[in-house]
Amino acid sequence: MTQLPYFQQFIPDTEAMCAFGAKLVNALEQTETSKATVFYLNGDLGAGKTTLSRGIIQALGHQGNVKSPTYTLVEEYHLTTKTVYHFDLYRLSDPEELEFMGIRDYFTTPCLCLIEWSEKGKGLLNPADLIIEIHYQDNARNIILTPQSEIGEQIIAKLV
């Protein structure tokens, strides 16, 4: 894997975060993959992880609400072009709980897995293709993408 530089963008508001999600989808759809694509979404509470997920899921064609799966751990979206699994592991007390929900089954088909609070599933989650970090910057956000695989590198190359 050739190490590309990370990608960084200033996100001034919620609309821009959702628009950035659509931009990520456009880059992802131009990338060939026959396996699950995995995005880890990192950031403090309220940083915008679920807002970004909403932008991604709606850009893939979902018309309804996109809610945080904080209590259910995962929300599934079976869309025309792709299935998306949106995980929120914030309330996970032990990574072994993921075994009971059949976590490995979610990564077996070509799909997109969006994982908030991935550190809580350490050791049981598939590795990320792209790590997305969202940081507060005044009243806005700064988003940093770091590729972890060739797929992640391809996505970033399409964003530049």
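**The E6–E7 hairpin and its sheet**

Let me start at the turn: in the hairpin formed by E6 and E7, where two residues lie between the strands, Asp 138 adopts a positive phi near 55 degrees, and I should say at once that this is a predicted model. The two arms of that hairpin, strand E6 (residues 130-137) and strand E7 (residues 140-147), run antiparallel and are joined by eight bridges. Within this pairing, Tyr 136 stands opposite Arg 141 in E7, while Glu 133 has Ile 144 of E7 as its bridge partner.

On to the other neighbour of E7, which is E1: these strands also run antiparallel, with five bridges between them, and here Ile 11 stands opposite Arg 141.

Stepping back to the whole sheet, we have an open arrangement of seven strands in the order E1-E7-E6-E2-E5-E4-E3, with mixed pairing. Its edges are strand E1 (7-11) and strand E3 (74-78), each of which pairs on one side only. On average, and ignoring direction, neighbouring strands in this sheet are turned by 15 degrees against each other.

Now the helices: helix H1 (residues 14-29) lies across E1, strand E2 (37-43), strand E5 (112-116), E6 and E7, and runs at about 150 degrees to E1. Helix H4 (residues 150-159) also packs on the sheet, where it touches E1, E2, E6 and E7, its direction making about 130 degrees with that of E7.

How many of the eight residues of E7 are buried? Eight of the eight are: Ala 140, Asn 142, Ile 144 and Thr 146 point one way from the strand, and Arg 141, Ile 143, Leu 145 and Pro 147 point the other way.

Methods: Residues are numbered from 1 along each chain as its sequence is written. This is a predicted model: local features need pLDDT of at least 70, side-chain atom pairs count only at pLDDT 80 or more; totals for chains, interfaces and linings use all residues. Side-chain values use heavy atoms; hydrogens and water are left out. Two strands pair if DSSP finds at least two bridges between them. Helices (H or I, at least four residues) and strands (E, at least two) are DSSP runs, numbered from the N terminus. Axes are lines fitted to C-alpha atoms, for helices over the stretch in contact, and angles run from 0 to 180 degrees between N-to-C directions. Contact means heavy atoms within 4.5 Å. Buried means under 20% relative accessible area, exposed over 50%, partly exposed in between (1.4 Å probe, protein chains only).
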